[in-house]
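Work through three short exercises on the structure below. Each has a task sentence and a stepwise solution.

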Amino acid sequence: MDSISSFVASSASVLNESLQLSGLHQVLIRSRGIDLDWAAASCIECDIPKASLVLDCEAKSAGIMFVSDEYGQWQFKPDTPWKAKDGSCPRYRSPRHEYDVFLAKHPTIKGFWGDLAYLKARCFTIGGKPYLLITEGGFKAIMGCQYHIPTVALVGVTMGLSPKKKGEPDLVPGLKRLAEAGFGFIFAFDSDDSVKKPETVKNVKLAEARLTKVLKNYGCDVLSVTGKWSHEDGKGLDDFINNQGIEAFREILMKAGSVDAESRGTSDSKKAKYPSADAMARIVAEDYRDRLKFNNTNLCWYRYEADSPGIWSPETDEYIESVVYQIVKSKGLINLPPAYVGAAVRFLRHELIERQWKSRTDLIPFTNGALEIATGKLLPHSPGYHFTWTLPRAHCAVASDWQKIEGWLDFATQDNRHVKNLLIAFCNAVLKGRADLQKALHLIGIGGSGKGSFCRLVIALIGIENTHSSSLDDWSGNRFEVAQAYEKRLLLFPDEDKGARQLSKFKQVTGGDWLRAEEKGKKPFKFKFGGMVAVASNFPIFGSDNSSGMARRIIPVPFNAVVAAGNRRDLDSTFEPELAAFTNHLLSLDDGWVERTLRGVVEIPEINLQGWENKIREDSVAGFLNDRLIYDPLSQTSIGDSAYAEGSLYQAYDLYCSDQGHKAQAVKNFSPNLIELASAILGWQVEKCHTRVGKIIKGLRLRTKADEHIPTYDCELHSRCDGCCDGSVTDSVTGQNVYPVKDVTDVTDKALYRVEKIIHNIPVADRTDEEVQNENIPSGIDLDPSHPSPEPESPPLKESDPSPNPSPNPSPNPSHYQTAANKARAERIADEYREAKASGDTEKMEEVRKFIESTDGLHLRGFFKRVLNGISPTPQSEPKPSRIFEVGDRVVVNDVGGLYHEVKGVVVDIRPTPCRTGLLVKFDKEVSFCQQFEFIAGDLMYLPEK
């Protein structure tokens with residue numbers, strides 16, 4: 001060993017200069033398909049003296065020395081082999097000292113064989129277990145490693161074990177270390193010609209058998225591919241890879257078979273015979289066609305009655321492989337390669353695939369059979385029903401007592417028959433999977449009001465295994481959450497809180513749309529949810545959604561019957577004995593009645609009130625419509641293009657938001673949302689029209705003090721809940737049914753609006769009575785153009801567009817709103833001006849100044865300047881003019897509390913109008929942005945010349 005150590009030290013320079021191999025040796029290495037970097041990392045050139053030193057015997061040829069740093073096992077390949085004493089002429093020579101395994105050195109990664117965790121991650125795996133190859137010869141080991149298949153080389157097929165002279169054979173140190181680390185091994189020795197060299201083949205099999213026995217004592221899995229390729233394809237694995245390619249060799253490895261130590265000990269052993277994977281798949285399919293199915297919709301295997309009688313349950317691919325393996329074993333087949341079962345399962349999938357999984361919808365599965373809903377007959381279970389769910393109890397046809405459940409429903413709904421029927425109809429829809437109704441239940445109430453008890457009642461009714469409980473945040477944001485609802489009958493969102501979230505996926509699941517589902521590591525699939533959806537929360541959570549689609553789908557149910565903490569009890573155990581009777585009652589209900597109840601054809605005032613209160617609580621436009629607007633079919637009101645448009649809807653809305661602490665919606669969204677609320681949700685007949693001077697809405701007007709006798713919409717709903725509703729109540733405000741059957745009201749085909757559209761184009765004075773009658777105008781409508789509907793002052797409506805019939809409750813000039821609005825608006829404009837001035841935004845400052853000086857901003861000028869200059873308003877008295885003023889008089893402004901108080905100037909113009917006389921005063925010096933201003937006589941005092 002000392003001689004070898006000295007040789008290593010003397011050869012360090014050669015080892016560091018990796019490409020010092022001669023041209024002849026480089027050609028030899030390349031011809032074998034080996035990368036020069038890999039070869040140079042483990043090979044050095046040796047002349048005869050150096051080879052003799054390492055081998056500890058006389059070498060007769062120079063050659064290549066394979067160097068293993070890991071365990072010091074070297075091997076020499078002479079350029080010209082010489083004969084040994086036994087007459088053989090070996091192609092490789094090993095040192096005469098103790099031997100070990102040869103581990104090829106990685107050209108770039110240090111410690112490639114030292115870090116076992118790193119090594120396992122790069123091994124060839126079968127069934128998730130890492131395997132190392134065992135071969136003979138240095139070049140074969142290098143070839144396997146360079147293709148990322150870590151390969152161990154023995155210096156001889158029998159030299160994986162210690163010499164017999166040292167007692168019971170054990171693994172050589174390098175192989176023992178790998179065996180103790182838990183690796184599996186695959187033998188890949190040379191494929192010798194069994195005809196020409198039968199003795200060699202026998203010796204290799206015996207060597208594999210002896211080594212296998214010892215490896216298994218260490219708990220190792222041992223396979224073999226020796227002889228799996230023909231001698232013509234290449235003798236060693238390096239020859240096979242060089243001729244056939246690495247992928248062909250990987251396929252060989254997937255066919256690795258187990259090593260039977262006993263059978264390999266005899267020369268007349270025969271290879272086990274078994275049918276092909278395709279043939280085995282056909283055999284299994286014939287025997288288990290009613291027990292195994294592959295669902296093409298969600299790409300998952302299903303097994304019949306795996307968990308419950310009559311039910312198909314999903315199974316993983318791995319479990320199906322184990323099932324097929326047990327079936328194959330039961331047929332007496334052993335010693336199968338691992339790839340055999342996997343191939344059989346793939347063929348089996350082709351035999352048993354179901355393109356579309358369709359379950360029977362006219363049957364309800366119980367544990368003791370399938371109930372035919374139409375006839376009430378209990379049928380025996382059958383695989384052809386394709387049930388993937390079942391009620392977790394047996395069907396009992398004689399069960400009829402559900403008084404405790406009914407008593408609790410009466411208490412929870414406060415004896416409201418309509419709300420109770422709604423909850424019962426929902427339970428029926430859950431049982432029957434009425435997703436076609438496109439309705440979701442929203443339970444709203446404080447803690448202890450019964451929301452959770454009703455949810456648990458529905459869960460017990462349908463079964464926890466048929467329910468998926470989620471949250472709106474997970475449903476909207478987790479891409480793997482939707483797949484959990486596949487084949488469920490109830491999707492529950494308990495204890496939801498307020499929060500900003502996207503509701504598109506929630507609308508999809510309640511609207512019958514296709515859902516995209518994805519499971520980790522699997523291909524995504526699409527499905528339609530076939531169950532019902534329920535949400536529970538302490539507060540309204542959907543009101544901020546402005547679309548009518550959400551309002552149509554959500555059924556808000558108030559839960560107000562709060563139970564004291566000391567009186568609460570376990571209702572689950574109370575409900576459980578009556579579930580069978582409750583189920584019978586639900587299944588006896590008429591589908592038409594259930595549909596009418598859930599779709600809202602039967603008016604339930606409490607539900608309508610709860611839904612509207614949810615809306616106005618979170619939607620500022622709904623709150624504005626409820627508090628500040630009145631439905632008047634004969635009115636028309638300007639929408640306005642900004643918060644400064646005097647007398648417009650948007651101006652009033654902006655003020656309302658300021659008073660209530662809401663953030664106002666953008667003007668471009670305001671009118672569409674307002675019209676959708678009024679028409680689609682409330683059923684009011686409103687219409688947006690374009691005029692020459694702006695956009696208006698017909699059918700709405702601002703509420704004034706004169707309208708105090710007209711209740712707000714929520715007040716009207718409250719009155720109905722107090723017993724004023726007989727099922728056909730019409731709105732006392734509008735005179736029409738507030739909850740029409742149609743989801744969207746068609747406002748363009750009404751006779752009144754057809755008349756109004758005609759009037760826009762043909763003057764009323766030019767129309768004859770006969771022409772009016774031909775338009776089917778309802779009786780009682782006055783077309784006298786001398787009584788037009790009140791119109792907003794700014795922007796004014798065109799004179800040729802009078803309303804055909806004036807409103808019985810006209811909207812007067814809302815001065816009590818406008819004064820407060822002007823003050824609040826001026827304060828906001830002043831704040832904008834100050835911020836622009838502080839930031840140096842001259843463009844914004846100029847924009848504010850131009851607005852204040854414009855006609856539209858004139859009415860805000862005084863308020864604005866007082867706020868900007870920090871002048872607090874004081875109680876104003878009515879000043880008396882000291883004289884009749886003339887042009888040229890010097891005056892002092894007596895506008896007490898105003899911006900121009902005690903400002904001096906001269907009268908430059910007098911502007912008489914039918915209502916007042918305006919005096920234009922030019923100031924001695926500019927005040928804020930203004931050099932002159934128009935006053936009335938009461939605002940001025942005569943200033944005599946000194």
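**Exercise 1: a serine in a strand**

Ser-313 counts as buried because its relative accessibility is 5%; buried means under 20% relative accessible area, exposed over 50%, partly exposed in between (1.4 Å probe, protein chains only). This is a predicted model: local features need pLDDT of at least 70, side-chain atom pairs count only at pLDDT 80 or more, and totals for chains, interfaces and linings use all residues. Residues are numbered from 1 along each chain as its sequence is written, and side-chain values use heavy atoms, with hydrogens and water left out.

Task: place Ser-313 and find what its side chain makes a polar contact with.

Step 1. Ser-313 sits in strand 13 (residues 312-315); strands (E, at least two residues) and helices (H or I, at least four) are DSSP runs, numbered from the N terminus.
Step 2. Its side chain makes a polar contact with the side chain of Asp-307, at 3.0 Å. Such a contact is a pair of N or O atoms within 3.5 Å; within protein, one must be able to donate a hydrogen and the other to accept it, and residues adjacent in sequence count only if both atoms are side-chain atoms.

**Exercise 2: an enclosed helix**

Task: explain why helix 22 is largely enclosed, and list what covers its buried residues.

Step 1. Helix 22 (residues 579-587) has 8 of its 9 residues buried, so the rest of the structure largely encloses it.
Step 2. Among the buried ones are Phe-582 and Leu-586.
Step 3. The cover includes strand 15 (363-366), strand 16 (369-372) and helix 16 (417-432).

How values were computed:
Contact = heavy atoms within 4.5 Å.
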